[in-house]
Amino acid sequence: MDESHALIVQIDELVASLNLLLDNLEIPLQLESPQDLTPGLLLAILEATLKSRLPIPNRVRQSQSSQAKVETIKIFLGVLGMDVLEMDLSNIDPQRLAEGDWDEVVYVGGLLVTVAQQQGLLTAEEIIDLDPNSSISQVASESSLFARVAAPTSLNAFTEEEVMLREAVRRFAKEEVEPKVREMDENEMMDPSVIQGLFDQGLMGIETSSEHGGSEASFTSAVIAIEELARIDPSVSVLCDVHNTLVNTIFRKYGTEEQKNKFLPLLAESKVGSFCLSEPASGSDAFALQTRAVKDGNDWVINGSKMWITNSYEAEIFLIFANVDPSKGYKGITCFVATKDMGVQIAKKEQKLGIRASSTCTLSFDDLRIPEENIIGGLGKGYKVAIEILNEGRIGIAAQMLGLAQGAFDKAVPYTYERKQFGQPVGTFQGMAHQIAEAAIQIEAAHLLTYNAARLKEEGHIFTKEAAMAKYYASVVAQKVSGSAIEWAGGVGFTRETGIEKFWRDSKI
């Protein structure tokens, strides 16, 4: 039996075992995959188990080894977001757990509550105020966990705030950005007034708390803004995306209170941020980076270079990934916060095929001295920061490509009803209509994939696969639709006059 088949069998057995457990606990629900095991359901299972002191059913014990019980707990914890690779599960006794031992069940329950607290599902205050006699569901219902649960809706259902944001960003992009698009593309430079406009509109701190000068909006709001900007100019969208989904999010999730108070207001109101991970020999293999950081007193001294760094020309705040101990491999990678005045040098500004107004530079660090307090996320934890944050970043890229495809479509389709051949608009020919319909379907599919991933992320579910799917498919659609749009517009589409060809160039990123 090959490994992939064995894994499928294990997953099937796990789902079957969990469904048996649900039956015995009289919980009227059946799972189709481990991903269906939401935090709310975990709490319900735990509560029912504690109330009944019901051992794991005999049929489950027979179908799973003791070690498989530990693997089940790992999946439970993984669903809630804990990094089980670094977690010590040695205190779990597989045999006692398999037999439904009360102490083992309580111990695992404690782990679940700990993870719930770490993931923001239960706050520290809620944990402290727990009534020992209250049920877990009572505790959960009073916590922020159930604030995330709502009745099922379509992926086109948005809050009033999200609808208002979309309208505001669309208006800003149309009135303030669009008149400057061609000039910025030709000059390969972002207009400072556009950047200032992003700050003035609150689009550079979308999820940042109001306490730190931000808009305190949802992650989906950030996706909406990125999409709407990309419909007019993907270059502006890229700047906004990297600044929000990568830079701001790292400070919010991993920064100390001092770091948040110092940098988040600047990033929300006046300073562009840059995420510095890729290197000449470290692109897709991000953890092969060669940039080094060496301790010197209370400082760290960084030497090395970064390549393909977005926003780096305009940025004043940089998140730099460097290895503090190459002997530990990727576990030596650490994230440092640097400001431009510390000595960050731009070695080269790339001249690109597309997204020309978005800066992409090579950076050099020659004895760049960074204070100890500017480590973010912990020493040797940079790899974890990068992996987790890039998952969110994929949804941002999907939103860029979705907006790009829609922008090209919106420019080209009306022209097909203005351009006439053989006495009728070319858009009315059946062959053309088929192409336009297919493109519209693909854009809608990309939209659903993108916003599904965004909502999953917001609701605290695992979204890694969905984010990757959205990024891939939206990118494919962007290239295909923008290429077709050039053809739909005929000779005019090949010129710079309409701006349609720019969408295709931008899609190649």
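Helix α13 (residues 234-254) and helix α14 (residues 257-269) are a good place to start: their axes come within 9 Å and cross at roughly 160°. The model you are looking at is a predicted one. Two packed helices are described by the angle between their axes and the distance between the axes. Angles over 145 degrees count as roughly antiparallel, and α13 and α14 are therefore roughly antiparallel to each other. Their crossing is left-handed.

Here is who meets whom between the two helices.

| Helix | Residues in the contact |
|---|---|
| α13 | His243, Val247, Asn248, Phe251, Arg252, Tyr254 |
| α14 | Gln259, Lys260, Phe263, Leu264, Leu267 |

Sorted by class, this contact between α13 and α14 has six nonpolar, three polar and two charged residues.

Phe263 of α14, listed in the table, also leads us to another residue, since Thr339 touches Phe263. Where does Thr339 sit? Thr339 is found in strand β5, which covers residues 333-339. Is Thr339 buried or exposed? With a relative accessible area of 17%, Thr339 is buried, as the cut-off for buried is under 20%. Leaving aside residues up to four places away in sequence, Thr339 touches Glu316, Phe318 and Val344 as well as Phe263. Its side chain also makes a polar contact with the side chain of Asp341, at 2.5 Å.

Now for the wider view. The secondary structure of the protein comes to 19 helices and 10 strands. The protein has 509 residues, and 50% of them count as buried. Among contacts between residues at least 6 apart in sequence, 70% join residues at least 24 apart.

Key: Residues are numbered from 1 along each chain as its sequence is written. This is a predicted model: local features need pLDDT of at least 70, side-chain atom pairs count only at pLDDT 80 or more; totals for chains, interfaces and linings use all residues. Side-chain values use heavy atoms; hydrogens and water are left out. Axes are lines fitted to C-alpha atoms, for helices over the stretch in contact, and angles run from 0 to 180 degrees between N-to-C directions. Helices (H or I, at least four residues) and strands (E, at least two) are DSSP runs, numbered from the N terminus. Angles under 35 degrees count as roughly parallel, over 145 as roughly antiparallel, 65 to 115 as roughly perpendicular and the rest as oblique. A crossing is left-handed if the near helix is turned anticlockwise from the far one by less than a right angle, and right-handed if clockwise. Contact means heavy atoms within 4.5 Å. Ala, Val, Leu, Ile, Met, Phe, Trp, Tyr, Cys and Pro count as nonpolar, Asp, Glu, Lys and Arg as charged, and the others, Gly among them, as polar. Buried means under 20% relative accessible area, exposed over 50%, partly exposed in between (1.4 Å probe, protein chains only). A polar contact is a pair of N or O atoms within 3.5 Å; within protein, one must be able to donate a hydrogen and the other to accept it, and residues adjacent in sequence count only if both atoms are side-chain atoms.
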